[in-house]
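Open the model in your viewer and keep the selection panel at hand. The stops below go from one selection to the next.

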Amino acid sequence: MTMTASIVKTICPFCGVGCGICLKLDERQKLVGVEPQLSHPISRGKLCDKGWSTAYAIDPENRITQPLKRIKDKFRPISWDEALLSIGDSLKAILDEAGPEVVGVISSARATNEDNYAAQKFARAVLKTNNIDHCARICHSPTVAGLKQTLGSGAMTNSASDIYKTDLIVVIGADPTENHSILGGHIVDAQRKGAQLIVIDPRVTRLAKVADIHVQLKPGSNIALINAMLHTIIAQQWHNQSFIDARCEGFEALTSNVEQVTPESVESITGVSAELVRQVAKAYSQANSAMIMYGMGITQFVSGTQNVIALANLALVCGQMGRPGTGINPLRGQNNVQGACDMGCLPNVYPGYQDATAPEVQSKFAKSWGEEVASKPGLTSLGMTKATLSGDFRGLILFGEDPVVTDPDQNHVKASLKALDLLVVAELTMTETAKLADFVLPAASFAEKAGTFTNCERRVQRISQVLAPPGAAKSDWQWLKALAEQLGSQQLSWETSEQVFDEMATLTPAYQGMTYAGLDRHQGLQWPCNQDAPMGTEILHRDSFPIGKAKLLPVRYIDIDEPADEQFPLVLTTNRLHFHYGCGSMTRKSPLLERETPAGVLFINPHDAKALQLQRYSPIGVRSRRGYLETRAMITDDVPPGLVSMPYHFKEAPSNQLTNTAQDPITKMPELKACAVSVFPLPPNQAPKTVQQLWEEK
């Protein structure tokens with residue numbers, strides 16, 4: 001039989017936009033290229049540089065293809081049978097000795113909904129613990145908490161297509177041309193067609209440079225700015241009283257809360273003139289339709305949840321909700337971070353955000369699964385780290401995440417992972433976290449398995465298996481099933497990813513109307529999709545909110561945890577780069593993307609660079625209260641004096657060597673967007689040392 005070349009439709013594995021891609025196979029069924037889906041409802045025939053380079057991310061070169069066992073400082077290849085037996089024995093020993101509270105699972109926003117559903121079920125029904133989390137903890141957990149309190153649902157209220165239906169776009173604490181490039185392109189296109197664009201950001205982002213108005217506020221002053229806008233809107237009677245009367249509660253308390261927060265009173269906090277605050281307040285409140293889009297410049301603060309609530313207050317008071325071109329729209333970072341949250345990969349909720357502490361929810365899942373489930377509260381990922389260091393947590397199963405590079409205070413994270421009795425990591429390649437594991441399992445990539453991803457606009461989309469997994473690699477739900485069986489449980493006894501999805505959809509109200517066939521037929525469906533909305537839901541909260549009336553909740557400005565001082569005179573914020581993604585384990589395999597950016601840089605204003613006698617690309621040391629790294633200076637007016645910025649994609653110089661673990665008390669979100677640092681020049685002829693080299697010298 002002769003093989004023929006083929007093109008298979010699937011979904012891009014990078015950011016939360018969820019673009020449609022086609023993978024091209026040659027006659028040998030080898031992946032030879034990527035192209036955009038011309039008719040895709042979001043990407044509309046376009047891809048960003050990362051999307052075009054997808055083939056490199058899953059290239060067989062340096063992939064993990066069989067289970068590995070650590071013996072001293074080396075990894076030895078072993079069979080799946082030996083790996084499962086050894087891991088199972090270790091888990092049983094820990095469980096027998098200390099119980100389910102000392103073990104847990106960290107799942108992946110890069111994995112499918114099916115993988116994530118299996119992970120939380122494995123934790124709750126097999127291990128009997130609610131210790132299940134994933135990287136949303138450090139990106140959009142305040143979105144889930146904040147919007148659930150105010151609106152009743154913690155997700156993007158509108159759709160990507162609404163960018164073309166709005167009169168005004170406010171982008172706050174987000175950099176979509178870098179991180180969500182296709183949506184960034186839509187925003188620029190919509191502006192050209194007449195929409196007004198306001199960017200609120202401490203940095204002069206690419207989008208800020210073309211915006212009609214750029215509000216360059218100080219890091220962490222979001223609430224002060226928004227409350228001053230609310231003060232102005234209410235004082236000038238620009239608010240939508242009829243919407244508030246019909247659909248909101250708490251307006252009087254909110255009015256009282258912002259009564260003294262005049263634009264003048266926050267000028268020194270925000271660095272924004274009172275006149276500009278009034279201008280932006282008027283533009284937003286008076287637009288026929290205005291949509292807010294935000295990212296981690298809102299969430300990654302000790303005030304993260306309150307920041308989200310403040311934005312919801314603004315949208316609600318102005319009636320910018322429930323209509324085309326309005327709403328509050330978080331831009332999710334990873335391809336399936338929305339889905340991993342939806343699947344219940346959080347310690348406090350089951351799939352569909354059903355309360356994990358509620359007896360009726362526990363009873364519902366126990367009855368459906370035919371198995372007793374975990375009842376005690378679970379730990380967050382950072383909680384597991386802390387518990388390990390205090391001797392109260394001993395075994396961790398982790399897949400598709402690299403917390404050594406992506407979590408705050410890298411030295412703290414490494415110490416905790418090394419202290420575990422058992423660390424199992426499933427990965428595509430040998431990441432910095434995998435290097436510390438006792439067992440490394442070979443994972444199938446998105447192109448080597450079937451399943452679904454849920455993008456930031458709540459669109460559930462099918463991914464197709466295009467290639468055979470290399471070597472002995474498996475889908476995450478498949479090896480979790482095998483491990484459950486090793487532990488004597490038949491809870492994960494599915495044969496296909498479709499069976500996993502169907503079970504999940506039965507138990508998750510917002511997904512109940514979805515099937516693989518329906519997703520294929522409609523190019524994805526947006527939740528909620530059920531008997532009330534069989535074709536899915538493009539816009540949430542059109543007529544009502546899940547909690548009845550929306551809650552207007554007073555919030556107050558909270559300063560950043562660690563402002564600059566004499567010892568550490570600069571504030572560091574983190575950013576992402578257009579050409580890279582996450583911990584870099586996928587994008588840095590592409591020579592096309594890798595050549596675009598040096599391995600780690602620090603963006604610094606010319607004023608600060610001159611004071612430190614730095615030239616462009618000068619080797620520098622950067623120190624915080626938690627760590628030290630070396631990199632090179634990138635001198636630019638894109639950051640204001642006093643603020644420096646670093647990407648976290650580069651393991652040689654990871655910004656999380658420096659970042660602060662101070663947390664939002666509600667969600668345990670660490671304050672990754674602001675910490676105090678000192679910067680100093682290294683000898684001009686001395687190349688910066690990598691973090692790995694610095695560790696070896698200790």
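Start by selecting Pro528, which sits in the loop between strand 21 (525-526) and strand 22 (550-551). This is a predicted model. Now add Trp527 and look at the bond that joins the pair: the peptide bond from Trp527 to Pro528 is cis, with omega near 0 degrees. Most peptide bonds are trans.

Keep both residues selected and show the pocket around them. Trp527 and Pro528 are among the residues nearest the centre of the second largest pocket, together with Ser153, Leu540 and Pro546. The lining of this pocket comprises 26 residues, and the space inside is about 560 Å³. By class, the lining divides into 12 nonpolar, 9 polar and 5 charged residues.

Next, go to Gln523, in the loop between helix 23 (516-521) and strand 21. What is the phi of Gln523? The angle is near 55 degrees, a positive value in a residue other than glycine. Most residues other than glycine have a negative phi. Gln523 counts as partly exposed because its relative accessibility is 30%, which falls between the limits of 20% for buried and 50% for exposed.

Select Gln613 for a second case. Its phi is also positive, near 55 degrees, and Gln613 is likewise a residue other than glycine. The loop that holds Gln613 runs between helix 25 (606-611) and strand 25 (619-623). Is Gln613 buried or exposed? With a relative accessible area of 68%, Gln613 is exposed, since the cut-off for that class is over 50%.

Move on to the largest pocket, with a volume of about 670 Å³. To find its centre, select Arg137, Thr380, Ile666, Thr667 and Lys668, the closest to it of the 32 lining residues. Then colour helix 5 (141-150), helix 18 (381-389) and helix 20 (410-419), the elements that each give two or more residues to this lining. The lining of the largest pocket is made up of 14 nonpolar, 12 polar and 6 charged residues.

Now turn to the enclosed spaces. How many cavities of 30 Å³ or more does the structure hold? There are 8. For the second largest cavity, of about 280 Å³, select Gly173, Asp201, Gly297, Thr574 and Lys673, which lie nearest its centre among 24 lining residues. Helix 14 (296-299) and strand 23 (570-575) each supply at least two residues of that lining. Strand 23 gives the most, with 3 residues. The classes here are 8 nonpolar, 10 polar and 6 charged.

Select helix 13 (residues 274-286) and put a distance label on its end C-alpha atoms. The label should read 18 Å. That agrees with the expected span, because 13 residues at 1.5 Å a residue should also cover 18 Å. Within helix 13, show the side chains of Ala274, Val277, Val280, Ala281, Ala283, Tyr284 and Ser285, which are buried.

For the last stop, select Phe14, in the loop between strand 1 (6-11) and strand 2 (20-25). Phe14 has a relative accessibility of 2% and so counts as buried. Then add Arg247, 233 residues away from Phe14 along the chain. How far apart are the C-alpha atoms of Phe14 and Arg247? They are separated by 37 Å.

How values were computed. Residues numbered from 1 in each chain as written. Predicted model: local features only at pLDDT ≥ 70, side-chain atom pairs only at ≥ 80, totals over all residues. Heavy atoms only, no water. Helix = DSSP H or I, 4+ residues; strand = E, 2+ residues; numbered from the N terminus. Expected span 1.5 Å × (residues − 1). Buried < 20%, exposed > 50% of the residue type's maximum accessible area, 1.4 Å probe, protein only. 1 Å grid on protein atoms, 1.4 Å probe; cavity = no way out; pocket = protein on both sides within 12 Å on 5 of 7 lines; lining within 4 Å. Points joined across faces, edges and corners; volume = space filled by probe spheres on them. Nonpolar A, V, L, I, M, F, W, Y, C, P; charged D, E, K, R; others polar.
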